[in-house]
Amino acid sequence: MKPIISVKDVHKTYASGHVALKTINLDIREREIFALLGPNGAGKTTLISIVCGLVNASGGSVTVDGHDIVRDYRAARSLIGLVPQELSTEMFETVWATVTFTRGLFGKRPSPRHIEQVLRDLSLWDKKDAPIMTLSGGMKRRVLIAKALAHEPRILFLDEPTAGVDVELRKDMWDVVRRLRDGGVTVILTTHYIEEAEEMADRIGVIANGELILVEEKADLMRKLGKKQLTLELQEPLRELPSALAAHTLELAADGHALIFTYDTHANRTGITALLNDMREAGIGFKDLATSQSSLEDIFVDLVRQPR
């Protein structure tokens, strides 16, 4: 299937000499939720700005549904809705007026029916006549999403969409994003909330120091890089790891009251049986055991810490 967004050899160096992006290649599929993760200053916003035609790349090309973002800017940009990280909108305007006005900026004919549907989908219908200055931070962010959807884009960029939003409202907005995807919209989001990507994304991209270091299906990423741990609660505490257990990847925890064994679930042998045998021969008993799977946050931290 032809990608709806194709980024080829894009790089960006600012006049100051700062290298914001190093040769990015990325294809975004139609109707997927793609999460772009990275620490502050990694290049996430620069990449989004280039794809949306707001910043010129130093080299490379971007096409949106086959339209070059530079040579065919109007056609490419009309397919994109962008929700910026900053809450910037006319505070004295009503919700209805600002969303309607945004639709007109893209040369779209008035469509009260579409605007109503967008506001209803975002739980803003009862606030349609309210001045934006009277809304909560979470509602203002929803207004930004409504403005981005006003011209019926096929692609929606969300730059930190739930920053400053409480947990309950954040989950409501996750539902909104899923409904948009189900309705045919391709969604690309940047986020600092790891659980947001873990909850919603179909694929994950990790960017660090201006370099796209990994793009994977979320499930494949969790399977390949995620680790499982076996925690053994000991009957008697240990001061240090005994030499009889040196062959195993172990960590002493809980002031010596627990052993943590990290293993690969996809290896031919996990090593758990051998560990338990060695513990028994060494006279080390345990009261309880539990397993845990590393989270996407653990994986992300490991990736960005790796020297490049």
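1. Let me start with the side chain of Asp68 and the backbone that follows. In this predicted model, a polar atom of the Asp68 side chain lies 2.8 Å from the backbone nitrogen of Val70. The backbone nitrogen of Arg71 is likewise placed, 2.9 Å from a polar atom of the Asp68 side chain. Both pairs are worth a look on your screen.

2. Is Asp68 buried or exposed? Its relative accessibility is 10%, so Asp68 counts as buried, the cut-off for that class being under 20%. Asp68 belongs to strand β5, which covers residues 67–68.

3. Which residues does Asp68 touch, leaving aside those up to four places away in sequence? The list has Ser61, Val62 and Thr63 on the earlier side of the sequence, together with Tyr73 and Ala76 on the later side. For a longer-range reference point, take Ile5: 63 residues separate Ile5 from Asp68 in sequence, while their C-alpha atoms are 9.9 Å apart in space.

4. Now for the other residue of interest, His67, which is also found in strand β5. With a relative accessible area of 26%, His67 is partly exposed, whereas Asp68 is buried.

5. Finally, the surroundings of His67. Again not counting residues up to four places away in sequence, His67 touches Val62, Asp72, Ala75, Ala76 and Leu79. Val62 and Ala76 also appear among the contacts of Asp68. As for Leu79, this residue is 12 positions from His67 in sequence, and the C-alpha to C-alpha separation is 9.8 Å.

Methods: Residues are numbered from 1 along each chain as its sequence is written. This is a predicted model: local features need pLDDT of at least 70, side-chain atom pairs count only at pLDDT 80 or more; totals for chains, interfaces and linings use all residues. Side-chain values use heavy atoms; hydrogens and water are left out. Helices (H or I, at least four residues) and strands (E, at least two) are DSSP runs, numbered from the N terminus. Buried means under 20% relative accessible area, exposed over 50%, partly exposed in between (1.4 Å probe, protein chains only). Contact means heavy atoms within 4.5 Å. A polar contact is a pair of N or O atoms within 3.5 Å; within protein, one must be able to donate a hydrogen and the other to accept it, and residues adjacent in sequence count only if both atoms are side-chain atoms.
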